[in-house]
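New to this one? Take a moment with the sequence and the 3D view, and then we can walk through a few spots together.

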2 protein chains.
Amino acid sequence: MPPGTRAALVDAAARLLDEGGPEAVTLREVGRLAGVSHNAPYKHFADKRALLGAVAARELTGLAEAFEPGRGGDAGEVLRAAMHHYAGWALAHPERFKLVFGRWPGDDLPELGAAAETAQARLVALVAAAQESGALPPGEPERLGSLVRALTHGAVDLALSGHIAEGGKGNAGPGQLVDDLFRYLAG
Amino acid sequence: MPPGTRAALVDAAARLLDEGGPEAVTLREVGRLAGVSHNAPYKHFADKRALLGAVAARELTGLAEAFEPGRGGDAGEVLRAAMHHYAGWALAHPERFKLVFGRWPGDDLPELGAAAETAQARLVALVAAAQESGALPPGEPERLGSLVRALTHGAVDLALSGHIAEGGKGNAGPGQLVDDLFRYLAG
DNA sequence: ACCTGAACACCGTTCAAGT
DNA sequence: ACCTGAACACCGTTCAAGT
């Protein structure tokens, strides 16, 4: 089973998500794209929410890979590049971004929670390395990592929803705001 | 018509939104809560999306009021208090926050766009005042305002989706991250 | 173990009609 | 100008049955 029905279902759901948002992800269309019946998904996922959760987990795992410790070079630059990658991914795939960071009430979907923990742990390691190199000020790396990530995340989210427009007089895109923050933090 | 059917519909939609998210806002239940039939909303709004847009616009207008220029006092503190208010509102009403900053494709819903512009213009004025008082560094107030707001917004959004946990070792809540940023900006 | 087809309840939207 | 009731197409989910 090279493709596997489960993977084909996740693929189809991601494609429909990109094209028309979560409400365009109907189980009937997912099944049609995957070449199965409209309720075959129930043999692989508890419900539509779990299918979307699998899409989100796959996406977040891919994002976490970009947070892998750099093979060398300036640690501050590695972290800055990781945040630019975060912003670039979100701007290129707004529906996936909104899905990953949407509300997931309940304690199920452990796959998604694990991916989130991996991403944050790797980011904290990058921050700690940047602190050691002197690119970032001292302090708890978890807290400074949350600061850096919150700025990047918020800049992207506001840009996607049109609440901070790029191109105006003093307005800036997410990438510029990330660079601004690193400059302020470098003192 | 003291309440007005339109206002009653928006009220009902907001209540259902708080209780169960956007998918709990069914036109049938909205009508029932407002004491009208399940398709009376179509006499006041083009569709369900426009009804939710009215809820979002009302919410964003209320938020913008908190950005009104302070009657005095330290301008830096006024801005910091405004960001704490932003975070407090979002944490208290997560569904409204997610709705306001969700995706609104298309150029309709001018009410929502106008509220967004008002909010951002007022924030920029607060930033400019804080710069004059020396609480914030110089530079384009639009750009610095975007930085401050992006951090606040991102901290709240990540906290709501559980991607930065409060209470852990070095972890911090949105309010603490806002204070951290102001400290770094004050140099 | 995985899939299908029919069926059910529910929802957004439209329409003809009423005051 | 505002509202109602019936109707339509569509969707998530369940179930009995097939291999």
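What follows is a short tour of a DNA strand, a histidine and a pair of leucines.

## Before we start

Keep in mind that this is a predicted model.

## Around DNA strand D

Let's begin with the DNA. There are 18 residues around DNA strand D, and the ones that come nearest are R28(A), T5(B), S37(B), N39(B) and H44(B). On the DNA side, sugar and phosphate make up 45% of the strand D atoms that come within 4 Å of the protein. As for the kinds of residues on the surface near DNA strand D, five are nonpolar, eight are polar and five are charged.

Now for some individual contacts from chain A. Two of them go to phosphate oxygens: Y42(A) has a side-chain N or O atom 2.8 Å from one, while L27(A) uses a backbone N or O atom, 2.9 Å from a phosphate oxygen of strand D. What does H38(A) reach with a polar side-chain atom? That atom sits 3.2 Å from a base oxygen of DNA strand D.

## A histidine among two chains

Next, look for H163(B). You'll find this histidine in chain B, in the loop that runs between α7 (141-160) and α8 (174-186). Is H163(B) buried or exposed? Its relative accessible area is 7%, so H163(B) counts as buried, the cut-off being under 20%.

Who are its neighbors? Leaving aside residues up to four places away in sequence, H163(B) touches L60(A), V100(A), F101(A), A116(A), Q120(A) and R149(A) from chain A, along with L158(B) from chain B. For a sense of distance within chain B, try R6(B): R6(B) and H163(B) are 157 residues apart along the chain, and their C-alpha atoms are separated by 38 Å.

## The two leucines at 109

Finally, a backbone detail that turns up in both chains. Most residues other than glycine have a negative phi. L109(A), though, has a positive phi of about 55° without being a glycine, and L109(B) likewise has a positive phi, near 55°.

Where do these leucines sit? L109(A) is in the chain A loop between α5 (94-100) and α6 (110-132). L109(B) is in the chain B loop between α5 (94-100) and α6 (110-132). Buried means under 20% relative accessible area. L109(A) has 17%, so it is buried, and L109(B), at 19%, counts as buried too.

How values were computed
Residues are numbered from 1 along each chain as its sequence is written. Chains are lettered from A and ligands numbered from 1 in the order in which they are written. This is a predicted model: local features need pLDDT of at least 70, side-chain atom pairs count only at pLDDT 80 or more; totals for chains, interfaces and linings use all residues. Side-chain values use heavy atoms; hydrogens and water are left out. Helices (H or I, at least four residues) and strands (E, at least two) are DSSP runs, numbered from the N terminus. Buried means under 20% relative accessible area, exposed over 50%, partly exposed in between (1.4 Å probe, protein chains only). Contact means heavy atoms within 4.5 Å. A residue is near a molecule or strand if one of its heavy atoms lies within 4 Å of it. A polar contact is a pair of N or O atoms within 3.5 Å; within protein, one must be able to donate a hydrogen and the other to accept it, and residues adjacent in sequence count only if both atoms are side-chain atoms. Ala, Val, Leu, Ile, Met, Phe, Trp, Tyr, Cys and Pro count as nonpolar, Asp, Glu, Lys and Arg as charged, and the others, Gly among them, as polar.
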